[in-house]
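The exercises below are meant to be worked through with the sequence and the model open side by side. Try each task before reading the solution that follows.

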Amino acid sequence: MVELTDGQKEVLRVDGYQLVKGGPGSGKTTVSILKAAKIARETLRPEQRILFLSFARATVSRVLEAIDEENHITREEKRRIEVDTYHAFFWRVLKTHGYLVGFPRRLTILTPPNEAIALSSVRSNYKKESKLSAEEKAQKWEREDAERNRLAMEEGKICFDLFAGRVGTLLHGSQKVRTLISTMYPFIILDEFQDTSADQWRVVEALGRGSTLIALADPEQRIFDFIGADPERLDHFKAAFKPSVHDLAGDNHRSKGTEIALFGNDILVGRFRQSNYQGIDFGVFESNQNQAFATLVTQVLQARKRLIESGKRDWSLAILVPTKKMTRLVSDTLREPFGTVPPINHTAAVDMEGPILAAEIIAFLLQQDRDEASFDQFVELLCGYFHGRGGAAPTKGDLEEAARFRAALTKWNECLATGRPTPAKSVLKATGGIYGSASALALAGDPDKDWVAVRAILAAGGCSRLKDVAKEVRNVRLLERGTQLRQGLVQDWRDFGRYRNALAITRQAFVQEHFATAHKPESGVVVMNMHKAKGKQFDEVIIFEGWPRRVRGEIVANPDRIVGGNVRDGAMIQARQNFRVSVTRAKIRTTILTPKDDICVLLRRADG
Ligand SMILES: Nc1ncnc2c1ncn2[C@@H]1O[C@H](COP(=O)(O)OP(=O)(O)OP(=O)(O)O)[C@@H](O)[C@H]1O
C-alpha cells in the first residue's frame with residue numbers, strides 16, 4: 001500500500017462532487033480507485049456499482065491493473081468498481097434505449113473500417129482535408145453526417161461518431177433512463193476529464209443530475225483539442241456541479257528519483273533550468289533514413305538490454321513518434337532491421353482500418369466453399385479494402401483502384417456469360433490466379449497455420465494489391481492464444497470440418513475486440529503515435545522524430561516532426577503539452593532522438 005499524500009487523503013475524506021487536478025503521475029488515478037473502494041465499502045447498496053469511465057481501452061487496462069495491485073481492496077469491492085470506456089458505456093445505453101431517439105430496435109455497430117467504406121463515396125468528391133476551404137470542409141462534414149444518420153436511422157448501423165451526441169439527447173430527454181443509470185451507478189468517476197468533447201460534456205451534465213461525479217483532470221495534458229476538447233471544460237464542471245477542488249499539483253510518483261517530471265514542466269514553459277536532467281537522455285542523428293533508423297535501432301537494443309537485465313517481469317519500452325506514417329516506418333524497420341540485426345519483436349499501434357479489412361480478405365479465402373458468386377464477393381472485399389484502408393482520408397489512388405477492379409469484374413463476367421475467354425490483360429488475371437491457389441490449398445484445421453498459409457499465397461503471388469494485403473494483415477495480432485478470433489475459427493472447424501463462417505467470425509471478433517477491457521497493458525517494445533500515449537506508463541520511453549530533407553543546404557521538406565515543419569510558431573502550446581505528455585510516460589528514463597542539423601525547436605532556448 002502506498003503512503004498517500006495529504007492531498008490524496010483529502011480526496012478520500014471529502015464527500016460529494018469532486019474535481020481532482022494534478023500533473024502527470026501525481027496519483028489521480030490511484031486515489032480515485034481507493035476512493036471508489038471506500039464508497040463501495042461504506043455507501044453503496046448491494047446491487048449498486050461505481051462506474052469509472054475512460055477514453056481508451058489501454059487506460060482501462062492500466063486502471064484495472066492498478067485495482068488488482070491494491071491488495072487493500074477486497075475482492076467484493078473490486079467487483080463493484082466497473083471500469084469502462086465511454087464508447088462501450090454509450091453503446092450499452094443505445095442498445096437498450098436507442099429507440100427513444102428514433103433508432104430501429106435492432107442495432108449493429110458500424111466499425112471504423114466499414115464506416116470508412118460507407119463514407120468513401122461522399123469523401124471521394126473532395127480534395128485532401130488540408131486543401132479544403134472552411135466552406136468545403138463544412139459541406140463535406142454535413143454530407144458525411146447525413147450519411148451516418150441515414151445508415152443509423154434506416155439500417156440500424158451506428159458508427160462511433162454518433163454515440164455521444166445521441167446518448168446526450170437521449171439522457172436529456174428521458175428522466176426515466178437517467179434515473180435507471182443513476183440508481184445503478186450513484187457514483188461516476190471521469191478519467192482524463194480535460195479531454196471531454198462537447199457531446200460528451202452533454203452526457204456528463206445529464207449523468208450528474210442523479211449521480212455524484214468525480215472528475216480527474218490535468219488541464220495541461222489536454223491533447224484532444226482537434227476533436228472538440230475545450231480549455232474551459234473544467235470551468236463548466238465547476239459551474240454546473242460546484243465540486244470540491246483538489247490539486248495534487250506537482251507530486252510525481254511515476255518517476256520518483258528522476259527529474260523527468262521537472263523536465264516535462266520546463267518543456268511546457270520553454271525555459272530549461274538545468275543543462276542535465278536525471279532520467280532524460282538526448283541523442284542526435286544524421287538527417288537521412290539509414291542513419292536515423294540505425295540510431296533508433298541501437299537505442300532500442302540498448303534500452304531493451306537494460307530492461308531485460310533489470311530482471312523486471314512485464315517490462316515495457318515505448319517508442320513514441322509524431323505521426324502515423326512514422327509509426328509504420330519504425331514498425332517496418334524493427335521487423336526487418338538492417339545488416340545482421342535480427343527482427344525486434346514489438347507491437348505497433350497503427351490505424352487498424354487497413355489491417356482489419358485485409359483480415360477479412362484472408363478470412364474469406366479460408367472459407368473455401370465456393371459458388372459462382374464467390375469470386376465477385378472476393379473482388380468486392382478487395383474493393384472494400386481500397387475504400388476503407390485510408391480511414392477518414394481515402395486516397396484518390398485507392399478509390400480509382402477500386403473503380404478499376406469493379407469495371408474489370410463486369411467485363412470478366414460478361415466474357416464468362418457469353419463463353420468467351422477472359423481478357424488476357426485484365427487486372428483480375430493475377431488476382432484470379434491467387435484466388436484459385438488459395439481455394440485449392442489443403443487446410444489443416446489449425447487456424448494459425450492455415451491463416452499464415454493463405455497469407456503466404458498472397459505474399460508470393462503476382463498481384464501487387466494482394467501483396468499489400470498480406471503485408472497489412474501482419475499488423476493484426478488476433479490470432480494469439482486465447483483470442484476470440486482463434487477460438488471462433490477452431491470451433492468452426494470442429495463443427496463443420498472446414499471454416500464455414502470465417503468471415504463472420506472475423507468481423508465479430510473485431511467488434512468484440514473494440515470493447516474488450518480485459519487486456520493487459522502493453523509490455524515489451526511498443527511503437528505508437530505520441531497522441532496515443534496519453535494515460536499510459538512505461539518503464540522507458542524513446543521519442544523519435546523525423547528529419548529535414550535538404551537540397552543544396554536548403555530545407556525542402558521537414559515531415560514527421562514534433563512541431564510541424566520544426567518551425568517556431570507563437571507559443572506552440574499544443575505541441576508543448578503533447579511533448580510533455582510523451583516525456584512523462586516513463587518511470588525510469590526517457591531518451592529523446594532528434595536530427596543533429598535541425599534540433600527540435602522545443603529543445604532550444606527561446607533565443608537560439
Ligand atoms: N502516494 C503515492 N506514493 C507512491 N506512489 C504512488 C502514490 N500515488 C500514486 N503512486 C504511483 O505513481 C504512479 C502514477 O500514479 P497515477 O497513475 O495514479 O497518476 P496520474 O495522476 O493518474 O497520472 P497521469 O495523469 O499521468 O495518467 C503509479 O504507478 C502509482 O502506483
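**Exercise 1.** How far apart are the end C-alpha atoms of helix α6 (residues 112-123), and what would a straight helix reach at 1.5 Å a residue?

Solution. The model is a predicted one, and every step below is a reading of that prediction. Helix α6 has twelve residues, for which a straight helix would reach 16 Å at 1.5 Å a residue, but its end C-alpha atoms are only 15 Å apart and thus fall short of that span. The next step is to look at the surroundings of the helix: ten of the twelve residues of α6 are buried, so the helix is largely enclosed by the rest of the structure. Among these buried residues are Pro112, Pro113, Ile117, Leu119 and Arg123.

**Exercise 2.** Apply the reasoning about span to helix α14 (residues 324-335), and then find what covers its buried residues.

Solution. At 1.5 Å a residue, the twelve residues of α14 should span 16 Å, and the end C-alpha atoms are 17 Å apart, which agrees. The buried residues of α14 are Met326, Thr327, Leu329, Val330, Ser331, Thr333 and Leu334. Their cover includes the helix α13 (289-309) together with the strands β10 (316-321), β11 (347-348), β12 (524-529) and β13 (538-544).

**Exercise 3.** Which residues have the most contacts inside the largest nonpolar core, and which helix gives the most to this core?

Solution. The largest nonpolar core has 63 residues, and those with the most contacts inside it are Ala36, Ile50, Phe52, Ile188, Ile189, Leu190 and Ala215. Helix α2 (residues 28-42) gives the most to this core, contributing seven residues. Because domain 1 (6-93 + 163-247) and domain 2 (108-155) both supply residues to it, the core lies between these two domains. For Ala215, leaving aside residues up to four places away in sequence, the residues touched are Leu19, Leu190, Phe193 and Phe237. A second, separate core has 46 residues, including Ala303, Leu317, Val583 and Ile592.

**Exercise 4.** Describe the shell around the ligand, beginning with the residues that come nearest.

Solution. There are 17 residues around the ligand, of which Pro24, Gly27, Thr29, Thr30 and His253 come nearest. Sorted by character, the shell consists of three nonpolar, ten polar and four charged residues. Helix α2 gives the most to this shell, with three residues, and α2 is also the helix that gives the most to the largest nonpolar core.

**Exercise 5.** Where do Lys242 and Asp560 lie, and are they buried, partly exposed or exposed?

Solution. Lys242 sits in the loop between α11 (233-241) and β8. Its phi is near 45°, a positive value in a residue other than glycine. A residue is exposed if 12 or fewer other C-beta atoms lie within 10 Å, and Lys242, with 11 such neighbours, therefore counts as exposed. Asp560 belongs to the loop between β15 (554-557) and α23 (573-583), and its phi is near 60°, again a positive value in a residue other than glycine. With 19 other C-beta atoms within 10 Å, Asp560 is partly exposed.

**Exercise 6.** Locate Gly250 and give its separation from Asn265.

Solution. Gly250 is in the loop between β8 (244-247) and α12 (260-269), where it is partly exposed, with 13 other C-beta atoms within 10 Å. Gly250 and Asn265 are 15 residues apart along the chain, and their C-alpha atoms are separated by 9.1 Å.

How values were computed. Residues numbered from 1 in each chain as written. Predicted model: local features only at pLDDT ≥ 70, side-chain atom pairs only at ≥ 80, totals over all residues. Core = buried A, V, L, I, M, F, W, Y, C linked by C-beta atoms within 7 Å. Buried ≥ 20, exposed ≤ 12 C-beta atoms within 10 Å, placed from the backbone. Helix = DSSP H or I, 4+ residues; strand = E, 2+ residues; numbered from the N terminus. Domains from an automatic or database assignment. Contact = placed C-beta atoms within 7 Å. Expected span 1.5 Å × (residues − 1). Near = placed C-beta within 6 Å. Nonpolar A, V, L, I, M, F, W, Y, C, P; charged D, E, K, R; others polar.
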